[in-house]
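Visitor: I should like to go through the terms applied to this structure and hear the reasoning that supports each of them. May we begin with the model itself?

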Amino acid sequence: MKNELIKRILSSLILIPIALFFIIKGSFLFNFFIIICFLITVYEWHNMSKNKPYYIFGHIFLLFSFYCVYIVRNESQENSLFIFLLILLICISTDVGGYVFGKIFKGPKLTKISPNKTYSGALGSIILSLTTVLFLTYYFVQIIDLKIVIVAIMTSIFCQIGDLIFSFLKRKARLQDTGTILPGHGGILDRLDGILLGVPLGFITFILIY
């Protein structure tokens with residue numbers, strides 16, 4: 001367990017700056033980055049769900065999700081980078097908050113679909129994502145309103161639902177991870193599961209409210 005945690009931390013320290021580089025640069029570099037991620041997730045989904053009745057639906061969902069990521073970053077608004085980073089950080093905070101709060105406070109299990117998920121973790125996901133959003137919006141634009149609170153909460157919930165869906169599908173496939181490409185993390189799909197639902201639906205929530 002300790003070795004896996006060390007691997008997870010070290011790989012994150014390498015992967016996060018790389019991902020941020022492509023996201024901030026945008027243009028063809030970002031497009032190249034998401035195409036590579038898309039192809040890897042498609043391959044992992046194929047291995048995980050081949051011969052399953054939902055096989056095609058999964059591919060359609062991945063195509064939809066990555067296309068939405070492309071739209072949010074490249075064509076959504078004049079301040080597309082800020083919006084994209086904001087929604088992405090909500091998703092990341094959701095994942096981190098769930099892990100930290102779940103480990104510290106433990107408590108009742110959230111669902112049988114994913115035995116490691118707890119009510120404390122679900123609440124911690126929302127708390128950390130909301131805290132992150134309020135800090136960023138106040139720091140950069142000096143504005144905090146109810147709309148951004150709703151966006152943070154809804155995006156966090158969507159992200160958790162995405163995580164639960166893929167956890168359920170992995171259990172059906174009798175897999176712990178979708179791949180082995182990321183030391184300590186598993187596959188690309190393992191890291192993006194919640195984000196793939198959180199970013200599109202979080203952005204839709206943002207557009208509807210603003």
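**Aromatic rings**

Guide: One aromatic cluster is formed by Trp45, Tyr54, Phe61 and Phe166. Please bear in mind that this is a predicted model.

Visitor: How many aromatic pairs does the ring-centre rule give?

Guide: The count comes to ten aromatic pairs. Among them is the pair of Phe22 and Phe33, with 5.1 Å from centre to centre and 5 degrees between the planes.

Visitor: What makes the pair of Phe22 and Phe33 stacked?

Guide: Two rings pair if their centres lie within 6.5 Å, and planes under 30 degrees apart count as stacked. The centres of Phe22 and Phe33 are 5.1 Å apart and their planes differ by 5 degrees, and the pair is accordingly stacked. It links distant parts of the chain, with Phe22 in helix α1 (residues 2–25) and Phe33 in helix α2 (residues 27–49), eleven residues apart.

Visitor: Why is Phe22 called buried?

Guide: Buried means under 20% relative accessible area. Phe22 has a relative accessible area of 15%, so it is buried.

Visitor: Why is the pair of Trp45 and Tyr54 called tilted?

Guide: Planes under 30 degrees apart would be stacked and those over 60 edge-to-face, with the rest tilted. The planes of Trp45 and Tyr54 stand at 50 degrees, with ring centres 5.9 Å apart, so the pair is tilted. Trp45, at 2% relative accessibility, counts as buried, and Tyr54, at 18%, counts as buried too.

**Helices α3 and α4**

Visitor: Why is α3 described as oblique to α4?

Guide: Two packed helices are described by the angle between their axes and the distance between the axes. The axes of helix α3 (residues 55–74) and helix α4 (residues 80–105) come within 7 Å and cross at roughly 135 degrees. Angles over 145 degrees count as roughly antiparallel and those from 65 to 115 as roughly perpendicular. The crossing angle belongs to neither range, nor to the roughly parallel one under 35 degrees, and therefore α3 is oblique to α4.

Visitor: Which residues make this contact?

Guide: On α3 they are Val69, Val72 and Arg73, and on α4 they are Ser80, Leu81 and Phe84. These residues divide into four nonpolar, one polar and one charged. Val69, Val72 and Arg73 are also listed among the buried residues of α3, together with others including Gly58, His59 and Leu62.

Visitor: How do you know that the length of α4 agrees with its number of residues?

Guide: At 1.5 Å a residue, the 26 residues of α4 should span 38 Å, and the end C-alpha atoms are 37 Å apart, which agrees. For α3, with 20 residues, the distance from the first C-alpha to the last is 29 Å, close to the expected 28 Å.

**Backbone angles**

Visitor: Where do residues with positive phi occur?

Guide: Lys106, which follows α4, has a positive phi near 50 degrees. Ser27, a residue other than glycine, has a positive phi near 55 degrees and lies in helix α2. Asn51, likewise not a glycine, has a positive phi of about 70 degrees and lies in the loop between α2 and α3.

Visitor: Why is Asn51 called exposed, and why is Ser27 called partly exposed?

Guide: Exposed means over 50% relative accessible area, and partly exposed covers the values between 20% and 50%. Asn51 has 78%, so it is exposed. Ser27 has 48%, so it counts as partly exposed.

**Buried residues of α6 and α7**

Visitor: What makes Leu164 buried?

Guide: Leu164, in helix α6 (residues 146–172), has 19% relative accessibility, which is under the 20% cut-off, and so it counts as buried. Leaving aside neighbours within four places in sequence, Leu164 is in contact with Leu110, Thr111, Ile113, Ser114 and Lys117.

Visitor: How do you know that Gly202 and Thr205 are buried?

Guide: Gly202 lies in helix α7 and is buried, with a relative accessible area of 0%. Thr205, also placed in helix α7 (residues 188–209), counts as buried at 12%. Beyond residues up to four places away in sequence, Thr205 touches Val151, Met154 and Phe158. With its neighbours within four places left aside, Gly202 is in contact with Ile87, Val151, Thr155, Phe158 and Leu197.

Definitions and conventions:
Residues numbered from 1 in each chain as written. Predicted model: local features only at pLDDT ≥ 70, side-chain atom pairs only at ≥ 80, totals over all residues. Heavy atoms only, no water. Helix = DSSP H or I, 4+ residues; strand = E, 2+ residues; numbered from the N terminus. Buried < 20%, exposed > 50% of the residue type's maximum accessible area, 1.4 Å probe, protein only. Contact = heavy atoms within 4.5 Å. Axes fitted to C-alpha atoms, helices over the stretch in contact; angles between N-to-C directions. Nonpolar A, V, L, I, M, F, W, Y, C, P; charged D, E, K, R; others polar. Expected span 1.5 Å × (residues − 1). Phe/Tyr/Trp six-rings, centres within 6.5 Å; stacked < 30°, edge-to-face > 60°.
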